[in-house]
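User: I should like to learn how to read the features of this structure. Please guide me through it step by step.

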Amino acid sequence: MSLAKPFLSDNAAPVHPKLWEAMRAADHPDNPYDGDALSQELDARFTALFGRECAALWVATGTAANCLALATMCAPHGGVVCHEEAHIEVDEGGAPGFFLHGAKLMLAGGEGAKLTPDGIAALIDPIRDDVHQVQPHAIAITQASEYGRTYRPDELAMLGAFAKQRRLGLHMDGARFGNAAAFLGGSADQAARAASGPVDSLAFGFIKNGGMGAEAVVLFDPEAARQVRYRRKRAGHLQCKGRYLAAQILAMLEDDLWLANAAHANAAAQEVAAGCGDRLLHPVEANELFVRLSPAERDVLRAQDFAFYDWGADSARFVTAWNTRPEDAQALGKAIAAL
C-alpha cells in the first residue's frame, strides 16, 4: 500500500524530532528502571499539567496503560463497563481479561461510541446483587472515542457523578487524549475532569501524537499508583532503561508539544472534512474521519495515492497526524468532493 499521502493511521506517522533530541540528551549513565532523574520528574510535571496531585508512570503501550489502571479498580470476579466498540473490547486481543485475571467486560451501547449514565444504568440495573452474577466494579470511557467523538465537560461531570453514586471506578482511555483536549480548548484537566475531580485514572496517549514508544498511566489515587508500580513490574513493563521513555514523555509535555501536535492533526482533519459533506458518518471532533464511500470510490482515491483503511463494506476511515501536510489534507478533501 502506498503511503505517499498517508491517512492510514496516526500510528504510521514518524517520531517528532524533539523526542529524538530528548532521547539523545538522556543517553548517559543514570539509575536503572524508574530511579533515573527523568522518571522522577514525571509526577511533578503531570501534577502541574492537571493542577492537582497525581502520579504518572511510563509504559510502552496503550494496552498496558489501560489494563494496569483497570486492574486497580476491578477484582477478577467483577466487571468493567465499556462501550461495545471500545478499544479494550475490540482491539486489545483479550488483554483486559488477562491483566484483570478473568474479569468481565460488560458491553453497553451509545451513539458515537460514547457512554451515558442512562446507557450504563440500563445494562447494570437488571444485575442481581448476588454471587451468581458478575457485579460491575468500574467504567471505562475513551477520550476521544473510537469514532473520534469528544466527551464534553458536562458529559464527564454526569458520568463522574454516576460512577461516584454507584461506587464504580472511572477510567479514561486517552489514546487520542491530546486531540480531545485540543478540541475542547487546550485544557488537560477539562478533558479529564469528572464532576468535582478528575477521572480516577487516565491512559495518556503519546505514541499516536508524535511519540515513539511511551505512554503514561496517570493516577489520581496514591494507593492505586502504588499498586500499579508493582503490577507494572509483574507485567513485564518495568523497563531497565526507563529514562528513555521518560525522556519522550517530558519532551511531549515541554512547551505543550503534545497539544500543538494534536491541534495540527485536528486542523488537518477539518480540512478533509470540508470536502466530505453529507458523506460524514460522525461529526469530526478530533483527528479521525469516517466517510461513506463505495468500493469503486475508494479505488479512485487509492489510485491518487491516498492511503486509508476500509471501514466496513461502504465506508472508510481517514486519520490525520501531527505531521500531515496541509496540502495533502486539502487534496484529499477536494478528491472526496469530486467523487
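Analyst: The following turns treat ring pairs, charges over rings, a proline and a sheet. The model is predicted: local features need pLDDT of at least 70 and side-chain atom pairs count only at pLDDT 80 or more, whereas totals for chains, interfaces and linings use all residues. Residues are numbered from 1 along each chain as its sequence is written, and side-chain values use heavy atoms, with hydrogens and water left out.

User: How many aromatic pairs are there?

Analyst: Rings of Phe, Tyr and Trp (its six-membered ring) pair if their centres lie within 6.5 Å; planes under 30 degrees apart are stacked, over 60 edge-to-face, and the rest tilted. The count comes to 15 aromatic pairs. In one of them, Phe98 and Phe99 have ring centres 5.7 Å apart and planes at 80 degrees, so this pair is edge-to-face.

User: Is Phe98 buried or exposed?

Analyst: Buried means under 20% relative accessible area, exposed over 50%, and partly exposed in between (1.4 Å probe, protein chains only). Phe98 has 65% relative accessibility and is therefore exposed, while Phe99 has 16% and counts as buried.

User: Where do Tyr147 and Trp311 lie?

Analyst: Helices (H or I, at least four residues) and strands (E, at least two) are DSSP runs, numbered from the N terminus. Tyr147 is in the loop between β5 (135-142) and α7 (153-166), and Trp311 is in the loop between β13 (309-310) and β14 (315-319), so their pair ties together parts 164 residues apart in sequence. The ring centres of Tyr147 and Trp311 are 6.2 Å apart with planes at 80 degrees, so the pair is edge-to-face. Tyr147, at 12% relative accessibility, is buried; Trp311, at 31%, is partly exposed.

User: Which charged ends sit over the rings of Phe306 and Phe308?

Analyst: A charge sits over a ring if NZ of Lys or CZ of Arg is within 6 Å of the ring centre and within 35 degrees of the ring normal. The charged end of Lys5 is over Phe306, 4.8 Å from the ring centre, and that of Arg302 is over Phe308, 4.1 Å from the centre.

User: What is Pro6 in contact with, leaving aside its neighbours within four places in sequence?

Analyst: Contact means heavy atoms within 4.5 Å. With those neighbours left aside, Pro6 is in contact with Ala307 and Val319. Pro6 belongs to strand β1 (residues 5-6).

User: In what order do the strands of the open sheet lie?

Analyst: Two strands pair if DSSP finds at least two bridges between them. Three strands form this antiparallel sheet in the order β11-β14-β13. Its edge strands, β11 (288-292) and β13, each pair on one side only.
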